[in-house]
Amino acid sequence: MSTSLIEDAKRMLNVTGSNWREASACRDSEPNLFFPIGTTGLAIDQIQEAKSICSMCLVADECLQYALQTNQEAGVWGGYAEDERRRLRKRWMAERRRAAS
């Protein structure tokens, strides 16, 4: 989906600030899917299924931003698993430090 289509859809849904959760693709999904236990076996399938839901979500970027800002360590947020988000957060924090100095 192109960026302008996503932005148009967000405007139609009136997605602003912290109400992004109301427009999330996962809001009616089983929460345990997004918080698998472990990173092997069944957890791999759960992570992939959660990511596939995130890939269709209009507010995945807002979800990821929230996870980075609030240091969510567990679960799939914005289409990123825990280990992926940990690496992203390190870069995100480094960029914030550079911008602040």
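What pattern does the protein chain follow, read along the sequence? In this predicted model, the answer is α-α-α-α. The chain holds 4 helices and 0 strands. Of its 101 residues, 32% count as buried.

Helix α3 spans residues 60-69. Its buried residues are Ala60, Cys63, Leu64, Ala67 and Leu68. Viewed down the axis of α3, these buried residues fall within an arc of 135 degrees, so they line one face of the helix. Asp61 and Gln69 are exposed, and they sit on the face of α3 turned away from its buried side. Ala60 can also be placed relative to the loop between α1 and α2, where Ala23 is found. Ala23 and Ala60 are 37 residues apart in sequence, and their C-alpha atoms are 9.8 Å apart in space. Ala23 counts as buried because its relative accessibility is 15%, below the cut-off of 20%.

Aromatic contacts were examined next. A pair of aromatic rings is described by the distance of the centres and the angle of the planes. The count comes to 3 aromatic pairs. One of them joins Trp20 and Tyr66. Their rings lie 5.7 Å apart, centre to centre, with 50 degrees between the planes, and the pair is tilted. Trp20 belongs to the loop between α1 (3-13) and α2, whereas Tyr66 belongs to helix α3, so the pair ties together parts that are 46 residues apart in sequence. The two partners differ in burial class: Trp20 is buried, with a relative accessible area of 7%, while Tyr66 is partly exposed at 25% relative accessibility.

Tyr66 also pairs with Trp77. Here the ring centres are 5.6 Å apart and the planes stand at 35 degrees, so this pair is tilted. Trp77 lies in the loop between α3 and α4 (82-100), and Tyr66 in helix α3, so the pair ties together parts that are 11 residues apart in sequence. Trp77 is buried, with a relative accessible area of 13%. Trp20, Phe35, Tyr66 and Trp77 form one aromatic cluster. Tyr66 has a charged neighbour as well. The charged end of Arg21 sits over the ring of Tyr66, 4.6 Å from the ring centre.

The pocket analysis returns to several of these elements. The largest pocket contains about 310 Å³ of space. It is lined by 20 residues, of which Ser24, Cys26, Phe34, Phe35 and Trp77 are the closest to the pocket centre. Phe35 and Trp77, named in that group, are also members of the aromatic cluster. Which helices each supply at least two residues of the lining? They are α2 (42-55) and α3. By class, the lining has 14 nonpolar, 3 polar and 3 charged residues.

Taken together, Tyr66 appears in several contacts. Its ring pairs with those of Trp20 and Trp77, and the charged end of Arg21 sits over it. Helix α3 carries Tyr66, has one face lined by buried residues and supplies at least two residues of the lining of the largest pocket.

Terms used. Residues are numbered from 1 along each chain as its sequence is written. This is a predicted model: local features need pLDDT of at least 70, side-chain atom pairs count only at pLDDT 80 or more; totals for chains, interfaces and linings use all residues. Side-chain values use heavy atoms; hydrogens and water are left out. On a 1 Å grid over the protein atoms alone, a cavity is a set of points where a 1.4 Å probe fits but cannot get out, and a pocket is an open set with protein on both sides within 12 Å along at least five of seven lines; lining residues have an atom within 4 Å of a point. Grid points are joined across faces, edges and corners, and a volume is the space filled by probe spheres set on the points. Ala, Val, Leu, Ile, Met, Phe, Trp, Tyr, Cys and Pro count as nonpolar, Asp, Glu, Lys and Arg as charged, and the others, Gly among them, as polar. Rings of Phe, Tyr and Trp (its six-membered ring) pair if their centres lie within 6.5 Å; planes under 30 degrees apart count as stacked, over 60 as edge-to-face and the rest as tilted. Buried means under 20% relative accessible area, exposed over 50%, partly exposed in between (1.4 Å probe, protein chains only). A charge sits over a ring if NZ of Lys or CZ of Arg is within 6 Å of the ring centre and within 35 degrees of the ring normal. The arc is that of the directions from the helix axis to the C-beta atoms.
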